[in-house]
Each structure stands twice: as structure tokens, then as C-alpha cells.
Amino acid sequence: MNLINAFTWRYPSMLASCTLLLCSVSVQATPQNTAQKKPEKPNVIVMYVDDLGYGDISPNGAQGVSTPNLDVLAKKGVNFTDAHSTAATCTPSRYSLLTGEHGFRQDAAILPGDAPALIRPGKATLPNMLQKAGYVTGVIGKWHLGLGDGSVDWNQDVKPGPLEIGFDYSFLLPATGDRVPTVYLENHSVVNLENEDPIEVSYDHQVGNRPTGVANPELLRMTADLQHSQTIVNGISRIGSMSGGEKALWVDEEFPDVFTEKAVDFITENKRKPFFLFFSFQDIHVPRLPNERFKGKSTMGPRGDAIAQMDWMVGRLMKELTAQGLEDNTLVIFTSDNGPVLDDGYNDKAAEMLGDHTPAGPFKGGKYSAFEGGTRVPMIVYWPHKTAHIRSRALISQVDIYASLAGLVKQTLAADEAIDSLDMMDAFLGQTEKGRTYLLEEAVGTVALRKNNWKYIQPIAADKVLPNWLENKDIEMGFEDTPQLFDLSDDIGEQTNHAENYPQLVNELEMKTKVLLEKGFRNVQQ
Ligand code: NG6
Ligand code: CA
């Protein structure tokens with residue numbers, strides 16, 4: 001009997017635990033070797049804030065509100081100065097993030113709250129690509145990408161939706177905070193819906209007899225424009241009409257707790273697998289109704305307080321990652337779906353209380369606009385021990401998240417998959433400041449093309465220059481019926497139009513725009 005056999009015979013359980021111990025020691029001793037052999041599969045959290053401008057966070061110079069949790073992320077990770085959402089509005093930006101292609105390819109415009117699913121089952125998506133790489137995927141928060149097949153029946157299974165395009169779990173605010181239905185949708189079902197109180201929603205006629213902003217302005221906590229003056233829920237009038245579902249109605253002030261707790265549950269349940277979480281804020285979109293805890297946290301009224309609330313939510317999730325030992329193995333991408341807006345339909349004094357704060361930072365325009373303020377948004381990328389601690393000038397787009405993550409987890413993209421997405425992982429991690437050469441910015445009425453620091457804005461037919469619902473937004477839109485060309489290297493505020501001085505460059509950029517739109521960025525030599 002050799003030594004080991006003799007030992008086993010006398011102390012079998014001791015050997016078992018000893019073997020386990022040796023095993024775990026040897027795994028822990030060689031993490032680098034393991035990492036080199038296999039593709040890396042960190043957890044990925046995309047924190048997607050709504051309508052947050054470049055200048056709205058402390059690391060980028062916010063006044064009147066402070067965002068200490070984002071300060072920490074910016075200090076430890078990469079804080080970008082030239083990162084873009086693909087569009088100056090929500091739906092096309094979200095479409096691009098999840099499909100790796102520009103929104104115009106699917107006519108992605110701002111959707112009503114009862115719109116059918118824009119991303120159809122069968123379409124290649126970021127969560128589905130990650131599922132193939134072994135990830136568990138979840139979306140929590142604002143959706144605004146449509147649900148169902150045409151006329152959604154909120155009392156039945158609501159599908160197709162996120163679960164049919166690559167998410168394993170969803171907990172949604174179906175459209176926007178200012179649009180009905182004002183209920184949560186968990187996977188296929190409205191939360192707390194009672195059979196005897198069915199929901200009906202319409203965007204072209206009034207349903208049921210809930211008071212409206214038009215008929216009962218005395219019931220409102222905040223006055224609103226005509227567009228936002230239909231069904232009143234929680235003292236706030238909304239876009240669209242809704243009846244029923246009384247027990248299912250959300251309370252806006254509870255969003256921060258409801259969404260972060262759902263995210264904490266998702267993280268906890270999936271901590272042993274790689275997970276992807278698309279955490280999509282309702283803040284700082286209108287209506288801005290921060291929780292009591294955040295009232296007065298800024299000097300800017302509800303809009304500033306909503307920024308403080310958003311920052312708290314970021315901190316809450318980061319704390320949870322640390323507490324669960326997941327921080328080192330989680331790649332966090334914090335960004336916004338479009339630039340800032342002050343008055344977006346509700347009278348919450350955002351403009352009056354602004355003080356010295358500049359929501360778009362040094363950039364011109366904001367939400368809806370073709371100027372930089374439309375899409376140049378905050379972006380911070382943080383992955384401990386992987387991201388450099390820098391402020392990066394790399395030119396990158398959120399549409400690149402798809403191909404960059406695919407490269408990281410070693411998934412090969414099909415020829416027709418994510419056709420506008422470029423692998424920019426080195427730039428995302430701050431290992432290089434070399435980003436894109438060309439980048440497309442979609443606005444409500446037109447597109448702009450960046451070539452490094454040149455910026456070309458395509459002209460629009462004179463009769464389409466400004467849709468009437470945008471007329472009194474007090475945002476510089478950049479919609480003109482002649483070409484515009486700016487040199488951002490010495491004119492960050494897009495003041496001097498050089499189009500007439502550089503007709504050849506205008507021509508080159510117009511041709512390039514056409515080719516890129518037609519073929520997709522991945523199919524054109526950059
Ligand atoms: C607009 C709404 C605005 C906001 C926006 C969508 C009006 C006049 N304005 O139509 O309040 O809801 O849609 O914002 O109705 S986004 O960030 O989701 O794109
Ligand atoms: Ca938005």
C-alpha cells in the first residue's frame with residue numbers, strides 16, 4: 001500500500017477536503033494564465049441615463065449639483081470627451097445600442113407608447129450575441145423601443161418584446177415617463193394587474209374617465225403643455241390616454257428604489273455566471289419627480305435633483321458589486337441616450353433655476369439638435385485593473401459597444417450583423433486615444449458626419465427645417481437648407497460655418513455620408 005492509499009484508507013474525508021483545498025489554491029494561483037487562454041467574460045453593465053447632457057455631471061464641470069459617485073468612476077476609469085449616442089433622441093439611440101446599426105435603417109423615430117416592437121425577433125442583437133457567448137442577459141428600466149405586434153393588449157402576454165430578441169429577463173417602464181401606459185411590465189406581464197380592472201390605452205382618442213390635464217388642470221402637481229395634458233396619473237398629466245389598471249399604476253417617486261432593487265436582485269441571482277445588464281434610467285427625462293430624499297439636493301430644482309438621484313442609483317449599484325465581490329470582474333459603461341433639454345413639456349422651472357450650470361458643457365444645441373450637444377454625451381468606462389485612468393479624446397459612438405464586446409468575448413459577427421459597429425475596445429479601455437475617423441450623428445431632421453475634428457451637417461429641404469412641435473424648445477437645432485461645415489479643433493461651439501470656404505471638403509463629406517449610409521460603416525474603408 002503506497003502512502004496515499006494508506007492515507008485514503010484511514011482518513012477518506014480528510015483527503016477529500018484536502019484535495020478540494022489544493023484545487024482551489026491552484027485555481028486562484030493562476031488567474032492570469034486562465035485569462036490568457038480563454039476569452040475574457042466580465043459581467044457587463046450598461047448604465048443608460050435619459051437626456052443627460054455632457055455638462056450635467058461633476059467630472060465634466062457641473063455647477064449646482066454634485067455627482068460624487070460619478071466622480072469616483074471617472075477618476076478610476078476612462079472619462080470620454082468625444083463620445084456620442086448615435087442620435088439626438090431616445091428611440092434611434094437605443095435601437096443602435098442594441099443592434100449595432102444606425103436608427104435610420106429602421107426608420108427609428110420617437111415612438112408612441114403603444115407602438116409595435118421596433119426590433120423584430122430574428123434580428124441580431126447585442127444581448128443575443130452575448131447569450132451565444134454564455135451570458136445571462138437582463139434589461140431593467142426604460143424601454144421605448146415598442147412592444148407587441150401592432151395593437152398591444154396590455155391584459156394579455158405582451159410580446160414580442162425584449163425576451164424575444166435576446167434578453168432572459170426584463171422589467172420595464174414600457175415607453176417613457178411622460179407616456180401611458182404608466183405601469184411596469186415584468187417579462188410579458190403588467191405587474192399587479194387585476195382581471196376585473198383591465199387596461200386600455202389609446203393615442204388617438206380618450207378612453208375611460210380618468211381626469212385629464214385639459215379638463216382638470218386643478219388636479220395637477222405640475223402644469224404641462226397641450227401634448228402632455230391627457231390622462232392624469234399620480235397628479236401628472238401624460239401623453240396618451242389610459243383607463244383601468246388602478247392597482248398597477250406606478251408612482252414616479254419610487255422609480256429609483258424600484259429599479260435599483262430589481263437590478264440588485266438580477267445581479268445577485270446571476271453572480272455566478274457572466275451577466276449583461278442593460279440598466280436604463282427614467283431620470284433625468286420628464287416628468288422629473290425625484291424621491292423626497294433628493295429634493296433640494298441641487299440648487300436647480302427638479303432637474304438638478306433628478307441628477308443627484310441618478311448619481312445615487314449609480315452608487316447603489318457600484319456598492320452592490322463591491323459587496324458581492326463582483327467589482328473587479330465587471331465592465332461598467334455609463335452614458336446617456338441623447339443631449340440635454342430643459343423644458344420638454346412640463347413646467348418644472350428647469351430653465352429658470354439653471355444658474356451657472358451648462359447642461360451641454362461647451363457644446364452647442366442639445367436634445368433633438370444636429371449640433372454637438374445633441375449626441376456628445378457623458379461616457380465613463382470602468383473595469384478595475386483594465387481601464388486606464390484617463391480623460392480620453394477618442395472619437396467613439398455607442399453603436400461601437402456591440403462589435404467591441406463581440407471582440408472581447410470572441411464572437412464572430414455575420415456580414416449583415418451590426419453593420420455600423422466598429423471594434424473600439426482599446427479605446428473604450430483607454431489603452432489608446434485613437435478612435436473613429438468618421439462618425440455619424442442623427443438628429444430629428446438631418447444627419448451630421450464627423451471626420452476627425454471636421455463636422456459636416458447635411459442640409460434639409462427648406463419646408464422641412466423645423467417640425468412645429470419643436471418650435472418653442474429654445475434649443476439651437478442646426479437645421480439649415482444649406483450645408484454647414486465646422487472645424488471643432490478651434491471652434492468647439494460650432495460658431496463659424498466654413499462651408500463656402502471649403503467646397504471640396506463639403507463635397508467629399510457629402511459623398512462619404514452617402515456611401516456610409518448606404519453600405520454601413522463596417523463595409524467601408526475608414
Ligand atoms: C417628444 C415629447 C417629449 C419627449 C420626447 C421623447 C412632445 C411635445 N414632446 O415627443 O416630451 O417625451 O418626445 O424623448 O410631445 S426621448 O428622450 O424619449 O426621445
Ligand atoms: Ca432621451
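Select His144 and ligand 1 to begin: a side-chain N or O atom of His144 lies 3.2 Å from an oxygen atom of the ligand. Keep in mind that this is a predicted model.

**Around the ligand**

Add His228. Here an N or O atom of the side chain is 2.8 Å from an oxygen atom of ligand 1. Then pick Asp51. One of its polar side-chain atoms sits 3.0 Å from a ligand 1 oxygen. Now turn on the surface. Ligand 1 on its own exposes 440 Å², and the protein buries 96% of that.

Widen the selection to the whole shell. Ligand 1 is surrounded by 18 residues. Label the closest ones: Asp178, Arg179, Gln227, His228 and Lys367. His228 thus appears here as well as in the contact at 2.8 Å.

Colour the shell by class. Seven residues are charged, seven are polar and four are nonpolar. Next, hide the ligand and look at the space it leaves. That space is the largest pocket.

**An aromatic pair**

Leave the ligand and show the aromatic rings. The whole structure holds 18 aromatic pairs. Zoom in on Tyr184 and Phe259. Their ring centres are 5.8 Å apart and their planes meet at 90 degrees, so this pair counts as edge-to-face. Now trace the chain from one ring to the other. Tyr184 belongs to the loop between strand S5 (169–173) and strand S6 (185–186), while Phe259 is in helix H7 (residues 255–269). The two are 75 residues apart, and the pair links distant parts of the chain.

**Backbone stops**

Which peptide bond should you inspect at Asp283? Select Asp283 and Ile284: the bond between them is cis, with omega near 0 degrees. Ile284 is in the loop that runs between strand S12 (275–280) and helix H8 (302–323).

Stay in that loop for Pro287, which also lies between S12 and H8. Show the backbone of Val286 and Pro287. The peptide bond joining them is cis, with omega near -5 degrees.

Finish at Lys410. Its phi is near 60 degrees, a positive value in a residue other than glycine. To place Lys410, display helix H10 (400–408) and helix H11 (425–428); the residue is in the loop between them.

Note on methods. Residues are numbered from 1 along each chain as its sequence is written. Chains are lettered from A and ligands numbered from 1 in the order in which they are written. This is a predicted model: local features need pLDDT of at least 70, side-chain atom pairs count only at pLDDT 80 or more; totals for chains, interfaces and linings use all residues. Side-chain values use heavy atoms; hydrogens and water are left out. A residue is near a molecule or strand if one of its heavy atoms lies within 4 Å of it. A polar contact is a pair of N or O atoms within 3.5 Å; within protein, one must be able to donate a hydrogen and the other to accept it, and residues adjacent in sequence count only if both atoms are side-chain atoms. Accessible areas come from the Shrake-Rupley method with a 1.4 Å probe; for residues, only the protein chains shown count as cover. On a 1 Å grid over the protein atoms alone, a cavity is a set of points where a 1.4 Å probe fits but cannot get out, and a pocket is an open set with protein on both sides within 12 Å along at least five of seven lines; lining residues have an atom within 4 Å of a point. A molecule sits in a cavity or pocket if more than half of its atoms lie within 2 Å of its grid points. Ala, Val, Leu, Ile, Met, Phe, Trp, Tyr, Cys and Pro count as nonpolar, Asp, Glu, Lys and Arg as charged, and the others, Gly among them, as polar. Rings of Phe, Tyr and Trp (its six-membered ring) pair if their centres lie within 6.5 Å; planes under 30 degrees apart count as stacked, over 60 as edge-to-face and the rest as tilted. Helices (H or I, at least four residues) and strands (E, at least two) are DSSP runs, numbered from the N terminus.
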